[in-house]
Amino acid sequence: RLAASVHYSYLDAADRLDGDWVPRRWSQRHTAGGSVSWQMGRTTATLAVNVHSGWRGADLPASIPDDALLDPGAVLNNTELDNFFSLDASLHRSWQFGRSRVTLLGSITNLTNRNNIAGIDYDAVAEDDLIVFDRQREALLPLVPSVGVLITFQ
């Protein structure tokens with residue numbers, strides 16, 4: 001048995017701050033994905049893909065004078081991070097024991113080991129008469145294998 005699904009959504013979320021519309025941090029305008037599952041007897045194999053527009057982040061200047069103030073409203077969510085992509089695979093096999101079912105689960109998330117950026121962290125360091133912002137892009141999970149057992153009672 002073969003089954004497939006696709007999905008798409010559009011979202012544009014913003015907050016009004018001091019009269020200006022600011023995109024929300026986790027706003028992702030376009031989200032799309034799909035999956036294909038193949039079932040043969042007690043075994044199911046699934047391959048899924050998820051893609052969405054990059055989340056928002058703050059793009060700070062490289063440095064500012066140490067006596068200056070940085071207006072948070074000017075940098076809040078002012079940049080869009082790289083698009084997100086994940087290819088995931090799973091394999092399930094079930095056995096029936098009377099009124100109980102035992103399912104062995106195995107999956108790999110982010111099969112391509114893509115470096116999906118979730119945000120930007122900054123360290124502020126005083127150097128001479130400046131505050132220097134050291135930028136570090138923070139990634140989500142790398143390739144993650146997992147196994148599990150599910151026991152259900154009827």
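**A walk through the sheet and its tryptophans**

Start with the open sheet: six strands, antiparallel in their pairing, in the order β1-β4-β5-β9-β10-β13. At its edges sit β1 (2–10) and β13 (144–153), each of which pairs on one side only. On average, neighbouring strands in this sheet are turned by 15° against each other, with direction ignored. Keep in mind as you look around that this is a predicted model.

Now zoom in on the middle of that order, where β5 meets β9. Strand β5 covers residues 43–52 and strand β9 covers residues 84–97; the two run antiparallel and are joined by 10 bridges. If you want a spot to get your bearings, find Asn-50, which stands opposite Ser-86 in β9.

Stay on β9 and move along to Ser-94, which lies in this strand. Is Ser-94 buried or exposed? Its relative accessible area is 12%, and the cut-off for buried is under 20%, so Ser-94 counts as buried. The side chain of Ser-94 makes a polar contact of 2.8 Å with the side chain of Thr-103. Set aside the neighbours within four places in sequence, and Ser-94 is in contact with Arg-42, Arg-101, Val-102 and Thr-103.

Next, the aromatics. The structure holds three aromatic pairs. One of them is Trp-26 with Trp-55, an edge-to-face pair at 4.6 Å centre to centre, with 80° between the planes. Where do these two sit in the chain? Trp-26 is in the loop between β3 (20–23) and β4 (30–40), while Trp-55 is in the loop between β5 and β6 (56–57), so their pairing ties together parts that are 29 residues apart in sequence.

Trp-55 is buried, with a relative accessible area of 9%, and it has another ring partner in Phe-84. Here the ring centres are 6.0 Å apart and the planes stand at 50°, so this pair is tilted. It also links distant parts of the chain: Trp-55 belongs to the loop between β5 and β6, Phe-84 to strand β9, and 29 residues separate them. Phe-84 is buried too, just as Trp-55 is.

Put these pairs together and you get a cluster of Trp-26, Trp-55 and Phe-84, linked by ring pairs. With Phe-84 in strand β9, the cluster brings you back to the strand that holds Ser-94. One last thing to look for is at Trp-26: Arg-25 lies over the face of this ring, at 4.5 Å from the ring centre.

Terms used:
Residues are numbered from 1 along each chain as its sequence is written. This is a predicted model: local features need pLDDT of at least 70, side-chain atom pairs count only at pLDDT 80 or more; totals for chains, interfaces and linings use all residues. Side-chain values use heavy atoms; hydrogens and water are left out. Two strands pair if DSSP finds at least two bridges between them. Helices (H or I, at least four residues) and strands (E, at least two) are DSSP runs, numbered from the N terminus. Axes are lines fitted to C-alpha atoms, for helices over the stretch in contact, and angles run from 0 to 180 degrees between N-to-C directions. Buried means under 20% relative accessible area, exposed over 50%, partly exposed in between (1.4 Å probe, protein chains only). A polar contact is a pair of N or O atoms within 3.5 Å; within protein, one must be able to donate a hydrogen and the other to accept it, and residues adjacent in sequence count only if both atoms are side-chain atoms. Contact means heavy atoms within 4.5 Å. Rings of Phe, Tyr and Trp (its six-membered ring) pair if their centres lie within 6.5 Å; planes under 30 degrees apart count as stacked, over 60 as edge-to-face and the rest as tilted. A charge sits over a ring if NZ of Lys or CZ of Arg is within 6 Å of the ring centre and within 35 degrees of the ring normal.
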